[in-house]
Amino acid sequence: TLFAMLFGAGFAVMMGEAPLRREVFVGQAGPPPLGIGLWAYYRRLVLIGLLGLLHVLLLWYGDILMIYVLAGLALPLFCKRRIGTLLVWAVVLIVVPQGIYLLLLSSLQLVGPEELAEILASYAEETRGWMTYLIEGYRSSDFGVIAWTRLNEFGYNFWYALTLVPTGLGVMLIGMVLARKERFRLDV
């Protein structure tokens, strides 16, 4: 959450939306920078996406950088919006996906005991097959097989992005608001 907020604050600074104090830029000629623009921001997203992909392939499928990239793609849509608008969108983007997820989980209580047992047995069987595939892939001495297994694991588990991307975007919007209100400012 904190890093997503800082990501949104960094976006606000990059777009020149966050006020910057002149004292921070002592020794620089001219006024403080007003933002470096969308081109630099998209370049940053590409770099983060490449680092995230390397992380997925080399370390762990659950890399948060890919969520940042996907959520960050939508941040330019919120440039120059009023603070109240940003806050409303932030609440909607955080509450709605989490609410849908909770409703889906609670819907399991609506099925009968036999249906629930059948759903759980099917899930357990699918999980056993998936775990067997992962164990075989990760035991391989061929790095290509291991990387492919990680990539498949990332794709298999990417459903969680349906809640994390909008939620992350909402938290980034809060970071934009805080940056505009100078809440990240350090007094030097």
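1. A good place to start in this predicted model is Phe-158, which counts as partly exposed at 26% relative accessibility. Phe-154, by contrast, has 13% relative accessibility and counts as buried. The rings of Phe-154 and Phe-158 have centres 5.0 Å apart and planes at 50°, so this pair is tilted.

2. Next, have a look at helix H1 (residues 2-14) and helix H2 (residues 38-58): their axes come within 10 Å and cross at roughly 150°. Because angles over 145 degrees count as roughly antiparallel, H1 is roughly antiparallel to H2.

3. Which residues make the contact? H1 contributes Phe-7, Gly-10, Phe-11 and Met-14, while H2 brings Ala-40, Tyr-41, Arg-44, Leu-45 and Ile-48. By type, the residues of this contact of H1 with H2 divide into 7 nonpolar, 1 polar and 1 charged.

4. You will find 10 aromatic pairs in the model. In one of them, the ring centres of Phe-11 and Tyr-41 are 4.6 Å apart with the planes at 65°, so the pair is edge-to-face. Phe-11 belongs to helix H1 and Tyr-41 to helix H2, so their pairing ties together parts that are 30 residues apart in sequence.

5. Are these two rings' residues buried or exposed? Phe-11 is buried, with a relative accessible area of 0%, and Tyr-41 counts as buried at 0% relative accessibility.

6. It is worth following the rings a little further: ring pairs link Phe-7, Phe-11, Tyr-41, Tyr-42 and Tyr-68 into a cluster. Do look at Phe-7 once more, since Arg-44 lies over the face of its ring, at 4.7 Å from the ring centre.

Notes. Residues are numbered from 1 along each chain as its sequence is written. This is a predicted model: local features need pLDDT of at least 70, side-chain atom pairs count only at pLDDT 80 or more; totals for chains, interfaces and linings use all residues. Side-chain values use heavy atoms; hydrogens and water are left out. Axes are lines fitted to C-alpha atoms, for helices over the stretch in contact, and angles run from 0 to 180 degrees between N-to-C directions. Helices (H or I, at least four residues) and strands (E, at least two) are DSSP runs, numbered from the N terminus. Angles under 35 degrees count as roughly parallel, over 145 as roughly antiparallel, 65 to 115 as roughly perpendicular and the rest as oblique. Contact means heavy atoms within 4.5 Å. Ala, Val, Leu, Ile, Met, Phe, Trp, Tyr, Cys and Pro count as nonpolar, Asp, Glu, Lys and Arg as charged, and the others, Gly among them, as polar. Rings of Phe, Tyr and Trp (its six-membered ring) pair if their centres lie within 6.5 Å; planes under 30 degrees apart count as stacked, over 60 as edge-to-face and the rest as tilted. Buried means under 20% relative accessible area, exposed over 50%, partly exposed in between (1.4 Å probe, protein chains only). A charge sits over a ring if NZ of Lys or CZ of Arg is within 6 Å of the ring centre and within 35 degrees of the ring normal.
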